[in-house]
Amino acid sequence: AAACRFARGLAHDLGHEGVVVVSGLARGIDSAAHDGALETGTIGVVAGGLDVFYPPENEGRQNALFERGLVLAEMPPGTEPPARHFPYRNPIIAGLSLGTIVAEAAPRSGSLITARLAAEAGRDVMAVPGSPVDPRAQGSNQLIRDGATLIQNAADVLEAVRPMQRQ
């Protein structure tokens, strides 16, 4: 819950600074980020077809992005998203973004795949620190240990990506 609140607030603050938020329209942190940035600009990259709402509780959120944001899909209409499709969207998310923020990640999280792809593409990788005893924070803490920029607020993100915007 704390990571979702943080992601929602961070996305809101970044949106008001002119940053478009890109995420995977998944449960939890992705959904919170889209909610925080819906009024200012957000892009959802789905693992199935555009006409498939997954998770089902995101139907309203995805429809809101159709109206006020953008939804992208690599899969054809009608495609249900099996687990193996989720990593396919990660290069799209990383490629659309100046930087990737990992707010919370278990050691084998899909967000770590996106972070790796972002780093390989020369994008900034940022992570929100978490408690060392919380397994949901192990991935993000490891990213910081490996050199990712520690993020505590929108100003930290802007400091990291603004120099990239000038290039």
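## A tour of the strands and helices

Start with β4 and strand β5 (residues 124–127): the two strands run parallel and are joined by four bridges. The model on the screen is a predicted one. Strands of a sheet pair through backbone hydrogen bonds, and the pairing is either parallel or antiparallel.

Within this pair, select Ile101 and look across to β5, where Met126 is its bridge partner. Now show the side chains of strand β4, residues 99–102. Which of them are buried? Thr100 and Val102 are, and they point to one face of the strand. Gly99 and Ile101 point to the other face and are not buried.

Next, add helix α5, residues 110–120, to the selection. Together, β4, α5 and β5 form a β-α-β unit, and the unit is right-handed.

**The helix pair**

Keep α5 on display and select helix α4, residues 86–96. Two packed helices are described by the angle between their axes and by the distance between the axes. Here the axes of α4 and α5 come within 9 Å and cross at roughly 40°. This angle is above 35 degrees and below 65, so α4 is oblique to α5. The crossing of the two helices is right-handed.

To see where the helices meet, show these side chains:

- in α4, Pro87, Asn90, Pro91, Ile93 and Ala94;
- in α5, Gly110, Ile113, Thr114, Leu117 and Ala118.

**The three-stranded sheet**

Hide α5 for now and colour β1, β2 and β3. They form an open sheet of three strands in the order β1-β2-β3, with parallel pairing. Why do β1 and β3 each have one side without a neighbour in the sheet? β1 (21–23) and β3 (70–73) stand at the edges and have a single partner strand each, so one side of each is left free of a neighbour in the sheet. From one strand to the next, the twist averages 20°.

Zoom in on β1 and strand β2, residues 42–46. Three bridges hold this pair in the parallel sense. In it, Ser23 stands opposite Gly44 of β2. Bring α4 back into view: this helix packs on the sheet and touches β1, β2 and β3. The direction of α4 makes about 160° with that of β2.

**Single residues**

Select Ser23, which lies in strand β1. Is Ser23 buried or exposed? Its relative accessible area is 9%, under the 20% limit, so Ser23 is buried. Leaving out residues up to four places away in sequence, Ser23 touches Asp30, His34, Ile43, Gly44, Val45 and Ile93.

Move on to Leu25, in the loop between β1 and α2 (29–37). Leu25 has a phi near 55°, a positive value in a residue other than glycine. With a relative accessible area of 1%, Leu25 is buried.

Then go to the loop between β2 and α3 (59–68), where Pro55 is found. The peptide bond from Tyr54 to Pro55 is cis, with omega near -5°.

The last stop is Gln142, in helix α6 (residues 138–145). Its relative accessibility is 38%, which lies between the 20% and 50% limits, so Gln142 counts as partly exposed. Finally, select Pro129 as well: its C-alpha atom is separated by 9.2 Å from that of Gln142, and the two residues are 13 residues apart along the chain.

Key
Residues are numbered from 1 along each chain as its sequence is written. This is a predicted model: local features need pLDDT of at least 70, side-chain atom pairs count only at pLDDT 80 or more; totals for chains, interfaces and linings use all residues. Side-chain values use heavy atoms; hydrogens and water are left out. Buried means under 20% relative accessible area, exposed over 50%, partly exposed in between (1.4 Å probe, protein chains only). Two strands pair if DSSP finds at least two bridges between them. A crossover is right-handed if, with the strands pointing away from the viewer, the path from the first strand over the helix to the second runs clockwise. Axes are lines fitted to C-alpha atoms, for helices over the stretch in contact, and angles run from 0 to 180 degrees between N-to-C directions. Angles under 35 degrees count as roughly parallel, over 145 as roughly antiparallel, 65 to 115 as roughly perpendicular and the rest as oblique. A crossing is left-handed if the near helix is turned anticlockwise from the far one by less than a right angle, and right-handed if clockwise. Contact means heavy atoms within 4.5 Å.
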